[in-house]
Amino acid sequence: MIDGYALVVFDLDGVIYLIDRPIPGAVEAVGRLHAEGRSVAYATNNASRRSSEVADLLTGMGVPAGPEEVLTSAAATAELLRDRLPAGAPVLVVGAEALRAELRAVGLRPVSTVDEEPAAVAQGYGPQVGWSDLAEASLAVRAGALWYATNTDRTLPSPRGPLPGNGSLVAVLRTALGRDPDVVVGKPEPALFATAAHRAGAGRTLVVGDRLDTDIEGARRAGLDSLLVLTGVSDAAELLAAPESRRPAYVSVDLAGLFDPAAVVRVPGPADADGWSVSAADGELVLDGAGRPLDALAALCGKAWSTGAGPRVRAVSAAAGEALAALGLAG
């Protein structure tokens with residue numbers, strides 16, 4: 001599959017690593033891309049690290065990366081505010097030190113309270129963000145400050161399961177203020193992907209992500225092909241229920257699908273192919289036959305997306321039951 005693309009843009013959390021540990025096979029996959037001379041970039045909604053810090057983190061995991069290959073929503077937010085505000089303007093920061101550092105780097109002045117009369121609020125994820133931070137931001141926006149959110153990811157992946165992300169914190173302010181942010185910078189907005197593709201120049205771009213609502217939708221908005229890997233947030237059930245705006249071109253269990261034809265499938269597939277047969281009854285998908293679980297998933301997507309059935313699936317054959325269990329669709 002990878003032979004058709006000159007640039008691969010990876011999401012990070014849930015694709016390359018979980019928190020600070022590489023996902024099995026990720027180091028080898030990126031190393032192979034480099035060895036084949038393909039361009040690689042990383043686009044992340046995580047605003048808690050600077051581009052240089054992300055590059056150092058990747059390199060420490062065995063994935064050589066330079067800051068110029070990393071596109072973060074924190075850096076993009078700072079650049080957008082720099083273009084909107086006069087030099088030295090105060091910006092109230094809700095988030096990690098990385099967001100403050102990016103704002104300083106473009107000539108803006110991070111502040112912490114509404115008393116400092118901020119011209120804007122920059123809201124990004126930070127594990128120490130608390131009620132008092134959100135209260136100051138609420139007061140600032142009510143006083144007329146612009147409200148920029150680095151991203152609206154509802155959750156972020158962890159070894160213990162999904163945890164509240166910046167979108168959950170944005171939802172607190174949205175509820176308190178009764179309105180949306182003035183600007184949302186990160187995925188699914190297409191800017192990060194479009195910037196990466198522009199930097200790479202000629203050749204087709206493939207986006208690899210683990211979230212349908214950010215990575216895949218963002219790729220589609222940017223007019224790029226995408227590969228969903230099932231190592232992070234979105235699972236097979238979510239894929240079956242995905243609206244058209246969040247449907248990838250390919251699905252694989254992990255990054256092995258970049259190179260191994262047996263580890264990736266194009267979606268949607270025919271409802272009757274590769275040993276599988278899918279029908280729909282009473283809003284439920286019915287799987288029969290035998291074959292690869294990924295081929296079953298492609299067939300299920302074909303029927304679900306054309307009929308609106310699912311994501312509940314019932315197995316007829318024993319092999320179908322095993323395939324659904326492998327896909328996390330059993331029960």
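## Getting to know this predicted model

Tutor: Welcome! In this predicted model, Ser234 is found in the loop between strand E14 (225-229) and helix H9 (236-240).

Student: Is Ser234 buried or exposed?

Tutor: A residue counts as buried when its relative accessible area is under 20%. The relative accessible area of Ser234 is 2%. Ser234 is therefore buried.

Student: Which residue joins its side chain to that of Ser234 in a polar contact?

Tutor: Leaving aside residues up to four places away in sequence, Ser234 touches Asp210, Arg211, Leu212 and Leu228. The polar contact between side chains has a length of 3.2 Å. The partner of Ser234 in that contact is Glu238.

Student: Let's turn to another loop residue. Is Pro86 buried or exposed?

Tutor: Pro86 also sits in a loop, the one between helix H3 (73-84) and strand E6 (90-94). A residue counts as exposed when its relative accessible area is over 50%. Pro86 has 55%, so the word for Pro86 is exposed.

Student: What distance separates the C-alpha atoms of Pro86 and Trp131?

Tutor: Along the chain, Pro86 and Trp131 are 45 residues apart. In space, their C-alpha atoms are separated by 29 Å.

Student: Now for strand E4. Why is E4 described as largely enclosed by the rest of the structure?

Tutor: Strand E4 covers residues 39-44. It pairs in the parallel sense with strand E1 (residues 7-10), over four bridges, and three bridges join E4 to strand E5 (residues 70-72), again in parallel. E4 is called largely enclosed because, of its six residues, the number buried is five.

Student: Which residue in E5 stands opposite Thr44?

Tutor: Start with the bridges, where E4 and E5 run parallel. On the E1 side, Phe10 has Tyr42 in E4 as its bridge partner. On the E5 side, the residue opposite Thr44 is Thr72.

Student: Through which helix does the chain cross from E4 to E5?

Tutor: This connection is a β-α-β crossover, and it is right-handed. The helix on the way covers residues 51-60 and is named H2.

Student: In helix H1, which strands do the buried residues pack against?

Tutor: Helix H1 (residues 26-35) has Ala26, Ala29, Val30 and Leu33 buried. Those residues lie on the same side of H1, because they cover an arc of only 90° around the axis. Glu28 and Ala35, on the other side of H1, are exposed. The strands that the buried residues of H1 pack against are E1 and E4.

Student: What phi does Gly37 take?

Tutor: Find Gly37 just after H1. Its phi is positive, at about 80°.

Student: Which strands stand at the edges of the open sheet of five strands?

Tutor: The order in this sheet is E7-E6-E8-E9-E12, with parallel pairing. An edge strand here has a single partner strand, so one side of it is left without a neighbour in the sheet. The strands in that position are E7 (109-111) and E12 (183-184).

Student: What angle does the direction of H3 make with that of E9?

Tutor: H3 packs on the sheet, where it touches E6, E8 and strand E9 (146-149). The angle between the directions of H3 and E9 is about 155°.

Student: Which residue in E8 stands opposite Leu92?

Tutor: E6 and strand E8 (residues 120-123) run parallel and are joined by four bridges. Helix H5 (residues 131-142) lies across E6, E8 and E9, at about 140° to E6. Opposite Leu92, in E8, stands Val121.

Terms used. Residues are numbered from 1 along each chain as its sequence is written. This is a predicted model: local features need pLDDT of at least 70, side-chain atom pairs count only at pLDDT 80 or more; totals for chains, interfaces and linings use all residues. Side-chain values use heavy atoms; hydrogens and water are left out. Buried means under 20% relative accessible area, exposed over 50%, partly exposed in between (1.4 Å probe, protein chains only). Helices (H or I, at least four residues) and strands (E, at least two) are DSSP runs, numbered from the N terminus. Two strands pair if DSSP finds at least two bridges between them. A crossover is right-handed if, with the strands pointing away from the viewer, the path from the first strand over the helix to the second runs clockwise. The arc is that of the directions from the helix axis to the C-beta atoms. Contact means heavy atoms within 4.5 Å. Axes are lines fitted to C-alpha atoms, for helices over the stretch in contact, and angles run from 0 to 180 degrees between N-to-C directions. A polar contact is a pair of N or O atoms within 3.5 Å; within protein, one must be able to donate a hydrogen and the other to accept it, and residues adjacent in sequence count only if both atoms are side-chain atoms.
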